[in-house]
Amino acid sequence: MQIYLDNSATTACSEAAADLVARLLTEEFGNPSSMHVKGVEAEKYVKTAAADIAATLRCKEKEIVFTSGGTESNNLAILGSAMANRRSGKHIITTAIEHPSVKNTMLFLEEQGFEISWLSVDADGEISLRELSEALRDDTILVSVMMVNNEIGSLQPVAEAGRLIHERNPETVFHVDAVQAYGKFRIAPKKMNVDLLSVSGHKIHGPKGVGFLYIREKTKIRPILFGGGQQKNMRSGTINAPGIAGMGVAAREIYKDLDTGTDRMYALKEYFSEKLLTLERVSVNGKIGRDSAPHIVSASFPGVRSEVLLHALEDRGIYVSAGSACASAHPSDSSTLAAIGLDSRHQESTLRFSFSIHTTKEELDRTLKALAELLPVLRRYRRF
């Protein structure tokens, strides 16, 4: 029996989404930009996906720009808005626990002369609205805050932050990385004062290599890819009709039974976290209840390096993560774990367990049993 608990890295593509992707790759394979009937047919699938996704966000279809995934969406949001608004100022605010696709883009902008303010987080990985308020300035052109942290599942007060930002300056662009939040929460960007919102298809049982950026109407942003002018010049390049169609199906499916799915995952998270805490020398990072994400549990196992425990679990058919899949070259080098105050001993022994709507209690019980058997043995061989 294989147990997959790395759903924050990627999810299994749903059968309906995969079937539609295959059909658009092999049968209805026209280029959506072509004027003949094959192109028109493909374009219909893209428009249907845009409508389905817009319905989940309660926004307009024209506010959805399709990308290759979360990383491109984040880059387009940050670089595009920075370039479009730099005459108004060069001050940008973000947090200390952002995904590498945000963090490294900010570092690039810093090299280009922009000033970046990094908000701290508390022990649960949450920002302070007071610190955000104090950081806002007249020349702040962009604020970027992830809704759900990909490593510990902390949930940021996005709606409150959006209101605060726009009360201070309606022209300041507010970007939210919702890659780990979309499909887990009901998100209404307009109501939450969000101008830009990034999403990736493969986190919601859609195909890899596709995502979207919500761009609120009249938001000042420039493209970062140039070419044939597809998607109203905002994102040039041949439109990925199969991936977009599959993502549309996945979005429709996951939001159809959203409350049921999230309730199940919250129950599993609480159960699994409480059982983990009964094991010797195990701690859970971040919050457990409904003021956190429903699908992520971060736990530290002092005395065992995360990579060692990860592979020991893998030998038993249990798949977990030692950190963000996008920083896999250095899985123990986590700015998030450092930001919440974990010492090196706990950082180097942390694993992330992430669930999906398909995760079962039986799988978690088998994982807990494996951990209870493995930890005493592995700790005998190495202590730190």
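Exposed, in these notes, means a relative accessible area over 50%. I'm working from a predicted model.

**Entry 1: loop between S8 and H7**

I started with Gly 228, which sits in the loop between strand S8 (211-215) and H7. Its relative accessible area came out at 65%, so I put Gly 228 down as exposed. I also looked up how far Gly 228 lies from Ala 372: the two are 144 residues apart along the chain, and their C-alpha atoms are separated by 57 Å.

Lys 232 belongs to the loop between S8 and H7 too. I noted a positive phi of about 55 degrees for Lys 232, and this residue is not a glycine. Most residues other than glycine have a negative phi. Is Lys 232 buried or exposed? With a relative accessible area of 72%, I have Lys 232 as exposed.

**Entry 2: another positive phi**

His 205 went on my list next, with a positive phi of about 70 degrees although it is not a glycine. I found His 205 in the loop between strand S7 (196-200) and S8. Its relative accessibility is 6%, and buried means under 20%, so His 205 counts as buried.

**Entry 3: H7 and its partners**

Then I went to helix H7 (residues 241-256) and looked at how helix H2 (residues 37-57) packs on it. I got an angle of about 30 degrees, with the axes 8 Å apart. Angles under 35 degrees count as roughly parallel, so H2 is roughly parallel to H7. The crossing of these two, H2 and H7, is left-handed.

Which residues of H2 and H7 make the contact? On the H2 side I listed Ala 42, Tyr 45, Val 46, Ala 49, Asp 52, Ile 53 and Thr 56. H7 brings Ala 241, Ile 244, Ala 245, Met 247, Gly 248, Ala 251, Arg 252 and Tyr 255. Sorted by class, the contact of H2 with H7 has eleven nonpolar, two polar and two charged residues.

I ran the same kind of check on helix H1 (residues 15-26), which packs against H7 at an angle of about 160 degrees, axes 8 Å apart. Over 145 degrees counts as roughly antiparallel, so that is how H1 lies relative to H7. I have the crossing of H1 and H7 as right-handed.

From H1, I wrote down Ala 16, Ala 17, Leu 20, Val 21, Leu 24 and Leu 25 as making the contact. From H7, the residues are Ala 241, Pro 242, Ala 245, Gly 246, Val 249 and Glu 253. The contact of H1 with H7 divides into ten nonpolar residues, one polar and one charged. I marked Ala 241 and Ala 245 of H7 in my notes, since they turn up in the contact with H2 and again in the contact with H1.

I also checked the loop between H1 and H2, where His 36 has its place. At 45% relative accessibility, His 36 counts as partly exposed. From His 36 to Lys 184 I have 39 Å, C-alpha to C-alpha, with their places 148 residues apart in sequence.

**Entry 4: H8 on H12**

For helix H8 (residues 258-276) and H12, I found axes that come within 11 Å and cross at roughly 15 degrees. That makes H8 roughly parallel to H12. H8 passes H12 in a right-handed crossing.

Leu 268, Tyr 271, Phe 272, Lys 275 and Leu 276 are the H8 residues I listed at this contact. They meet Lys 361, Leu 364, Asp 365, Thr 367, Leu 368 and Leu 371 in H12. By class I have seven nonpolar, one polar and three charged residues for the contact of H8 with H12.

**Entry 5: buried sides of H9 and H6**

Which residues of helix H9 (residues 306-314) are buried? I got Ser 306, Leu 309, Leu 310, Ala 312 and Leu 313. They cover an arc of only 165 degrees around the axis, so they are on the same side of H9. I then looked at what these buried residues pack against: strand S11 (318-319), strand S12 (350-354) and helix H12 (361-381).

In helix H6 (residues 158-168), I have Val 158, Ala 161, Gly 162, Ile 165 and His 166 as buried. Their arc around the axis is only 120 degrees, which puts them on the same side of H6. The cover over the buried residues of H6 includes helix H5 (129-135), strand S5 (140-146) and strand S6 (173-177).

Terms used:
Residues numbered from 1 in each chain as written. Predicted model: local features only at pLDDT ≥ 70, side-chain atom pairs only at ≥ 80, totals over all residues. Heavy atoms only, no water. Axes fitted to C-alpha atoms, helices over the stretch in contact; angles between N-to-C directions. Helix = DSSP H or I, 4+ residues; strand = E, 2+ residues; numbered from the N terminus. Parallel < 35°, antiparallel > 145°, perpendicular 65-115°, else oblique. Left-handed = near helix turned anticlockwise from the far one by under 90°. Contact = heavy atoms within 4.5 Å. Nonpolar A, V, L, I, M, F, W, Y, C, P; charged D, E, K, R; others polar. Buried < 20%, exposed > 50% of the residue type's maximum accessible area, 1.4 Å probe, protein only. Arc of directions from axis to C-beta.
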